[in-house]
Amino acid sequence: MSTYPHLLSPLNLGFTSLPNRVIMGSMHVGLEEVKDGFQRMAAFYAERARGGVGLIVTGGIAPNDRGRPMPGGARLTTEAEADKHRIVTEAVHAAGGKIAMQILHFGRYAYHQDLVAPSALQAPINPMKPKALSSDEVYQTVDDFVRCAQLALSAGYDGVEIMGSEGYLLNEFIAARTNQRDDEWGGSYQNRIRFPLEIVRRTREAVGPHFIIIFRLSMLDLVEGGSTLDEVVELAQALEQAGASILNTGIGWHEARIPTIATKVPRAAWAWVTRQLKGKVGIPLVATNRINTPEVAEQLLADGYCDLISMARPFLADPEFVLKAAQGRADEINTCIGCNQACLDHTFGGKVTSCLVNPRACHETLLNITPAAKPERIAVVGAGPAGLAFATTAAQRGLEVTLFDAAPEIGGQFNIAKQVPGKEEFYETLRYFGKQIERTGVTLKLGTRVSAADLIGAGYKQVVLATGVSPRTPPIEGIDHPKVLGYLDVLRDKKPVGQRVALIGAGGIGFDTAEFLLHSGVSPSLSPVKFFAEWGVDTTYGERGGLKPAHLEASDRKLWLLQRKTSKVGDGLGKTTGWIHRTSLKNRQVEMLAGVNYRKIDDAGLHITVGERELTLPVDNVVICAGQEPQRALQAELLAAGVAVHLIGGADVAEELDAKRAIKQGTELAMAWGATADLDAKSASSPATVSASSNTKDSNSGYETLAVSLDGPVATIRLNRPDKANAMNLTMWHELRQAFKWVDATPSVRVAILEGEGRAFTAGIDLQMMMSLGDTIQDDCEARTRENLRQVILDLQDTLTSLERCRKPVLAAIHGACIGGGIDLVCCADMRYASSDASFCIKEIDIGMTADVGTLQRLPKLIGEGMARELAYTARSFGALEAQQMRLLNRVFDSREALAAGVREIASTIAAKSPLSIRGIKEMITYARDHSVADGLNYVATWNAAMLMSNDLQEAMMANMGKRKPVFKD
Ligand code: FAD
C-alpha cells in the first residue's frame, strides 16, 4: 500500500475525475506577458503534468481590460487570444494532465489608471483610487467573466477557477469594508454576494455541466470588516447551488497585516479554516497555504480537513512532487522553503517567476541538463548552496566531481540560517542536496579544508571556488572590546549574550540575529498556537475577519538595530516579506535607528551620533552584522599554477542573503560546462557561467582573450591577456565585437563595464598581429592586396564601433597603461574613468603610422582639435589627472579598488533607470555628435513620437506617486 493513500486516491467529480488529490495552485509567473511566453508556459505546465499533479490551475487571466493587474497584463477576451492558449492546454493534455484557467479581476489592486471597485475606496497598498462601477458596468463585468470562461472552454481548458478571494474585485463586493453601494449589488449580505453568485450561475449556464468550475472563496479575510464564518458558509452553499464544482480556500486579503504564506507561517497553519466548511457543502473542499510535504498533505486528508490539497510554490521547487511521493521517493523532493525570494518577489517586481531552490522553474525551455560532451575531473571547494548546486548538477551531467568542505556537514551558511526562528525550512534544502549527492555520485569530502597546493598536487585543472564569505569588520574605535561579538559568535557558536544588545547592520542578517535573540522556547513557525497569538488571529472565528488583539511573549532583552544608511531600516529586505520582519521586530519594541555614525565602543556601551544627537547606548554586547567579504584565498595561487578557477556564490559576490544567486549561478555554470558559449545567440545564458578570472585558455568560457561576467544587470568585459599587457591580437578584436553584440542582444544586461586584467589596461594593437597580417592579405594582384588590407582595417574599426552600436552604455574603467589602440577603444565608450596610476599615449606616430581605428576621428570631439593634434603628433604620455582636465576622463579614483567600486556604483545607478530611455539617450547623444543640432532635434522628435508612450513612462510615474522605486522590464 502507498505511504500516501489519501493523497493519491482519485476524486470523482461526476462528469470527470482527477487521478489524485493534488492541485497545483494558481501562480502568475510573468510568462503570461513575455515574448514566447505561451511556449514557455506550455513547457512549464507540461513538466508539472508529467510529474503527476491531479489538476493544474494557471495564473490569473483578466476577463476585461480593467481587470488586468497592469497595462499589458494578460487577458482573455477574444477567440484570437484564446488561440494562443491552445499550445498550453494541448501540451498539458499530451502529458496526461488536466488544467483549469484562473479568471482574476484585480479590482482596486490593479496598477493602472483605469482601476475599478464596488465603491471608490482606495486600497491601503495601492497609491491609486478606484472608480466605482455603475450598476450597468457590474452587469457588463458579469458578462465579461462568462465570456472569458467560454473562451477558456474553447481554448481546451478543463475548467476555470473564479478568483473570489485575497481582496480582489469579487471579494471587494462581498465585504462591507469595501462595498458601500446602495443598489442591488450592495447593502445587505445577500446583495453583496449577488455579484460572485451571478458570475458562477451564468458561467455554469454558458459552459454546460461537464466543465470544472472552482471558486476560490475567501474563507478568512483577516481584515477588519471582513466576513463572519456564518456568512462564509452561506456563500459557500449558495456557490454550490449556483454550479461551482469545487471550493478552494482563500486566506487573507493582500492588504492584511498577517503573514499567510511566508516561511514564518507554520505548515498547514490555515487548514482549520477549510475544515469549518466540512459537512456544510456537498462539493469538494481544497485546503491551501504552506502545505509543502506529502506527509502534511496526507495527514490533512486523513484527518478530514479537506478533500483536496492545493500547493503552488512547491511545484516551482519540484515538478515531480507527486511522482516522487507515489514512487516512495519523497526524500528526493526539493521542498519549497516559503522564502518568496524568486517567486512572489519576482512577480511583484515585474520579473519572470522562478524558485530559489530550483532555478529551472519557468525556464524549462532555456535551462536543461544534458550529458557532458567529455568526461572531466572537477574540484569544488565549498559545500554551501552554490557548491552543492554546481556539484550535483555537474555530476548529473556525468562529470567527475569531488566536493570539499572544511565543515563536518554540508550546507555552508544555510546551517546558520536554519537556526533562526522562522527559517527552519532550510533544513529541507540540505536534506534534498544530501540525497542528490548520494544519487548523482558526487565524491564528498567533509572535514577537509583544502589549500591551493592540495588541489594543484592532486592534478586538478578545473576548480570551482564556492568558498563563500567572511564577515566584514567595520573600523570602529573599540571594535576589539570584549563586549563585541560577530553574528557567527551568536548564531553559530552560541556565545553568551547580555540583556541589552546593539546590532550594527540592519540587513537580513541583522534582522535574523535580532529574531534569534528575542525568541525563547519553540519557534512560532513550529507552533501554530504561538503564531496565531503573536499575529492576532482568532481561531474560534468569533469576530469578523477572524481577528483578535495580538499577544506577544515578552522578551527580557532590549535591542537596538542600527544602520549607517539613512533609508528606512529594513528597506532592502524582500519585497513581499520585508514588512513581516519589520513588523515582527517593531512588535517586540526593538529600537531601529537609521543614519547612525558609530563613534566608539567601550565599557559604557556603544557611542553613536544620529543626526545632531550624540547617544550612548548602555549595552552589554554589540553584535556586528555589517556585511561580508568574498572568500577567495585560494584563487591567486591556483591561477598562477595555470588552474582554471570559477567563482560562484558568495565567493563571487558577497551580498548577504542571496542563496538565490548562489544556487542559480552554481546550476547554470554546471549546465553550461563544456559548451562553447554562443554569445551571438539572442538568449545567451548568463556569462556568470563563464570563468570570471581564469587566465588560461578555458574552453568553458568560449573566450580566449576576454573574461566576461554578469552581475545582475551589469556585464563586465575584461581584457584578459595579462601576460601580454592585454595587447589586442586578432582574437581579441574578434571577441570584443562578439561580446558587445552579446551585451546588446541580451535583455537582462543593462550596462557594460570594460576593464583590463593585470598591470595594464592595454598596450594597444598586438605588434605580432600586425606583422602576420601580410600573409593573410597577400594576393598576386597588388590592388587586391591593398583592397584586402582596407577590409582588415574596416573590420578592426567595426569592432570598436560595436561599442557605439551596442544600445547599452559602456563604461571604460582604465588602470595602468592605455596605449595606441587602447585609446581608440576607450574613445568608443560612453564614459571613461581611471585610477590615478593610469597613463595614456597615442603611440602610432612612433611606429611610423597614422592611427586608423578611430582615435583621430573621435578624440578631437572629446578633447578638442588642438590637444588631439598635439598628442597624436608627439606621442607624449599623459597621466590620469591631465586626461581628466582635458575631459577625456569623467573622474579619477585614488586606487584601482576605488575605481572598480566607483564604476560599479555608477553602472548600478544607470541599470536601475528605464532601459528604453537609456537606449534613447545613447542613440541621441551619439547622433548629435555626428550631425547638426537641427538634425538631432528632428530625430529625437521622431524617436519620442514612437517611443515615449511606454510602459516605462507609466511605471516611472506610478513609482513616483507611490513613493517607491520603479521596476522596469529589461
Ligand atoms: P557558503 O554558504 O558560505 O558556503 C561556503 C562553504 O565553503 C562553507 O561551508 C565553508 O566551510 C567552505 N569553505 C571555505 N573555504 C574552504 C576551504 N578552503 N576548504 C574547504 N571548504 C571551504 N540567503 C537567502 O537567500 N535567504 C535567506 O533567507 C538567508 N538567510 C540567511 C540567514 C543567515 C543567518 C545567514 C548567515 C545567511 C543567510 N542567507 C540567506 C545567505 C545564504 O546562506 C548565502 O547567500 C549562501 O549560503 C551563500 O552560499 P555559498 O555556497 O556561496 O557560500
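This report walks through the ligand site, the ring pairs and a few single residues of a predicted model.

## Around the ligand

Let's start with the ligand. It has 34 residues around it, and Gln341, Asp405, Lys423, Gly650 and Ala659 are the closest. Sorted by class, that shell is made up of 17 nonpolar, 11 polar and six charged residues.

Some of the contacts can be picked out atom by atom. The side chain of Gln341 puts an N or O atom 2.7 Å from a nitrogen atom of the ligand. The side chain of Asp405 does something along those lines with an oxygen atom of the ligand, at 2.6 Å. With Gln413 it's the backbone that takes part: one of its N or O atoms lies 2.9 Å from a ligand oxygen atom. On its own the ligand has 1,000 Å² of accessible area, and the protein covers 93% of that. Several helices give two or more residues each to the shell, among them helix H13 (385–396), helix H18 (508–518) and helix H22 (659–672).

## Rings that pair up

If you like aromatic side chains, there's plenty to look at here: the structure holds 21 aromatic pairs. Take Phe44 and Tyr45, whose ring centres are 5.0 Å apart. Their planes meet at 55 degrees, so this pair counts as tilted. Phe44 and Tyr45 are both buried.

Trp272 and Phe532 make an edge-to-face pair, with 6.2 Å between the centres and 85 degrees between the planes. This one links distant parts of the chain, as Trp272 belongs to helix H8 (residues 271–275) and Phe532 to helix H19 (residues 528–535), 260 residues apart. Trp272 and Phe532 are both buried. Elsewhere, five residues join into one aromatic cluster: Tyr139, Phe145, Phe173, Trp185 and Phe195.

## Charges over rings

Rings also have charged partners in this model. Have a look at Tyr305: Arg275 lies over the face of its ring, 4.0 Å from the centre. Trp560 has Lys558 for a partner, and the charged end of that lysine sits over the ring at 5.1 Å from its centre.

## Two residues with positive phi

Cys362 isn't a glycine, yet its phi is positive, at about 70 degrees. You'll find Cys362 in the loop between helix H12 (344–348) and strand S13 (377–381). Its relative accessibility is 1%, so Cys362 counts as buried.

Tyr541 is another non-glycine residue with a positive phi, near 55 degrees. Tyr541 sits in the loop between H19 and strand S20 (558–562). Its relative accessible area is 6%, and since anything under 20% counts as buried, Tyr541 is buried.

## Ser914 and Leu862

Towards the end of our tour comes Ser914, in the loop that runs between helix H30 (896–911) and helix H31 (915–930). With a relative accessible area of 9%, Ser914 is buried. Its side chain makes a polar contact with the side chain of Ser917, at 2.8 Å.

Is Leu862 buried, exposed or partly exposed? Its relative accessibility is 28%, so Leu862 counts as partly exposed. This leucine is part of helix H27 (residues 855–863). Pro266 is 596 residues from Leu862 along the chain, and the C-alpha atoms of the two are separated by 62 Å.

Note on methods
Residues are numbered from 1 along each chain as its sequence is written. This is a predicted model: local features need pLDDT of at least 70, side-chain atom pairs count only at pLDDT 80 or more; totals for chains, interfaces and linings use all residues. Side-chain values use heavy atoms; hydrogens and water are left out. Rings of Phe, Tyr and Trp (its six-membered ring) pair if their centres lie within 6.5 Å; planes under 30 degrees apart count as stacked, over 60 as edge-to-face and the rest as tilted. Buried means under 20% relative accessible area, exposed over 50%, partly exposed in between (1.4 Å probe, protein chains only). Helices (H or I, at least four residues) and strands (E, at least two) are DSSP runs, numbered from the N terminus. A charge sits over a ring if NZ of Lys or CZ of Arg is within 6 Å of the ring centre and within 35 degrees of the ring normal. A residue is near a molecule or strand if one of its heavy atoms lies within 4 Å of it. A polar contact is a pair of N or O atoms within 3.5 Å; within protein, one must be able to donate a hydrogen and the other to accept it, and residues adjacent in sequence count only if both atoms are side-chain atoms. Accessible areas come from the Shrake-Rupley method with a 1.4 Å probe; for residues, only the protein chains shown count as cover. Ala, Val, Leu, Ile, Met, Phe, Trp, Tyr, Cys and Pro count as nonpolar, Asp, Glu, Lys and Arg as charged, and the others, Gly among them, as polar.
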